[in-house]
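Trainee: Please take one part of this model and examine it closely for me, with attention to how helices and sheets are put together. I should like a single connected account that ends with the chain as a whole.

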Amino acid sequence: MGAAEALGRVVDTERYPLAAPGSTGWDAVVSRTRDELAKTGCCVLPAFIRPALQDALRAECAEIAPLAHYDVETVNAYNIDVATPLPEDHPGRITVERGNAFVARDHIPGGFIVHRIYSSELFQRFVASCFGLPRVHELADPLSGLCVNVVNPEMEHPWHFDTNEFTVSLLTQEPEDGGVFEYCPNIRSAEAENFADVRRVLTGNGGDLVRGLTLRPGDLQLFKGRYSLHRVGRVRGNTARHTAIFAYSERPGVIGSVARTRQLFGRVLPEHRAAAGGAVRVDRLLD
């Protein structure tokens, strides 16, 4: 079976013609996605996964969800040490509990739908085009390149910024209630932190800056999370919220830091220690 046929069995390639770059359909989807990303930093491609595969998608990620690393901890929106000396009114001094958990890539079988999509060169080429990049690379990180974000009932993924400039994610299981994705489009830039507005949102006074987004299983989300403050609200009911996160980079060989890896996955590997100190930053933002 060819790569295009294999991907077409999972992705609705009639609606999203990933195997036909340069075609009218491809150009239309990519153009629309780029426009939305330019305006709001976020674009959702609904029903990206074929309806017939959505039950299998949900079941696979639910099977490995118990392997997630759980560690309720006190964090701030910048994911820096909460003891970092900061001015009294700095938004980094506002702390909350982070209760979501992550299943690492080495717990996700290669035959799972999300793993096949993540490793697909056709999918990677499509993602790169949507973000206006010549290409994207899988992270060399053996834990964080592909992971599943688990938000159990009564838990949430609080306000934060991403380390990567862009994120690609796929909702695989929706909760009974709650778990709404909220974000503040372009609340900061590579040149300006805009601490005042960030603080306004974190203290509950920035509702005018917040957008809500209800995602459905099989929806693909492309998001510029480096510059848009965002969160997943508290999950209600008896069903957890599961999301596959596809982490790519503009350059090859990217590996997460020792501290951040231990925070997210509860462990580090020799690859993380070997790469320590070699991180390349795309800007001078706090994090």
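Mentor: Contact here means heavy atoms within 4.5 Å of one another. With that cut-off, the cover over the buried residues of helix α7 includes β2 (73-75), β3 (96-98), β4 (101-103), β6 (146-151) and α8 (270-275). The model is a predicted one, and every value below is computed from it. I shall begin with α7, pass through the sheet to which β4 and β6 belong, and then turn to the part that I wish to treat most closely, the sheet beneath helix α6.

Helix α7 comprises residues 258-265, and T261, Q263, L264 and F265 are buried in it. Viewed down the axis of α7, these buried residues fall within an arc of 165 degrees, so they line one face of the helix. Immediately after α7, G266 adopts a positive phi of about 75 degrees.

Two of the strands that cover α7, β4 and β6, belong to an open sheet of 6 strands with the order β1-β12-β8-β15-β6-β4 and antiparallel pairing. Its edges are β1 (42-45) and β4; each has a single partner strand, so one side of each is left without a neighbour in the sheet. Direction ignored, neighbouring strands of this sheet are turned by 25 degrees against each other on average. Within the sheet, β6 and β15 (residues 241-246) run antiparallel and are joined by 6 bridges; among these pairs, V148 has A244 in β15 as its bridge partner. Helices lie across this sheet as well. Helix α2 (residues 24-40) crosses β1 and β12 (220-223), running at about 145 degrees to β1, while α3 (residues 54-64) lies across β4, β6, β8 (167-173) and β15, at about 95 degrees to β8.

From β6 the chain passes to β7 through a loop that holds E154. This residue has a positive phi of about 70 degrees although it is not a glycine. With a relative accessible area of 41%, E154 counts as partly exposed.

Strand β7 brings us to the part chosen for close study. Here 4 strands make up an open sheet in the order β7-β13-β10-β11, with antiparallel pairing. The edge strands are β7 (157-160) and β11 (211-213), each of which pairs on one side only. Neighbouring strands of this sheet are turned by 15 degrees against each other on average, direction ignored.

The bridges can be followed from one edge to the other. Strand β7 is joined to β13 (residues 229-232) by 2 bridges, the two strands running antiparallel. One of the pairs matches H160 with H230 in β13. On going from β13 to β10, one finds 4 bridges in the antiparallel sense, and H230 appears again, as the bridge partner of Y183. Finally, β10 and β11 run antiparallel and are joined by 3 bridges; here F181 has L213 in β11 as its bridge partner.

Between β10 and α6 lies the loop that contains N194. Like E154, N194 is not a glycine, yet N194 takes a positive phi of about 55 degrees. N194 is partly exposed, with a relative accessible area of 32%.

Helix α6 (residues 195-202) then lies across β7, β10 (181-184) and β13, running at about 20 degrees to β13. In α6, the buried residues are V198, V201 and L202. Seen down the helix axis, they fall within an arc of 95 degrees, so they line one face of α6. These buried residues pack against β7, β10 and β13, the very strands that the helix lies across. Just after α6, G204 takes a positive phi of about 85 degrees.

It remains to set this part within the whole. The chain has 8 helices and 16 strands. Of its 287 residues, 48% count as buried. Among contacts with a separation of 6 or more, 85% come from residues 24 or more positions apart. A compact globule of 287 residues would have a radius of gyration near 19 Å, and the 18 Å of this chain agrees with that. Along its principal axes the C-alpha trace spans about 60 × 45 × 35 Å. The chain exposes about 12900 Å², of which carbon and sulfur atoms supply 50%.

How values were computed
Residues are numbered from 1 along each chain as its sequence is written. This is a predicted model: local features need pLDDT of at least 70, side-chain atom pairs count only at pLDDT 80 or more; totals for chains, interfaces and linings use all residues. Side-chain values use heavy atoms; hydrogens and water are left out. Two strands pair if DSSP finds at least two bridges between them. Axes are lines fitted to C-alpha atoms, for helices over the stretch in contact, and angles run from 0 to 180 degrees between N-to-C directions. The radius of gyration is taken over C-alpha atoms; the globule rule is 2.2 Å times the number of residues to the power 0.38. Buried means under 20% relative accessible area, exposed over 50%, partly exposed in between (1.4 Å probe, protein chains only). Accessible areas come from the Shrake-Rupley method with a 1.4 Å probe; for residues, only the protein chains shown count as cover. The arc is that of the directions from the helix axis to the C-beta atoms.
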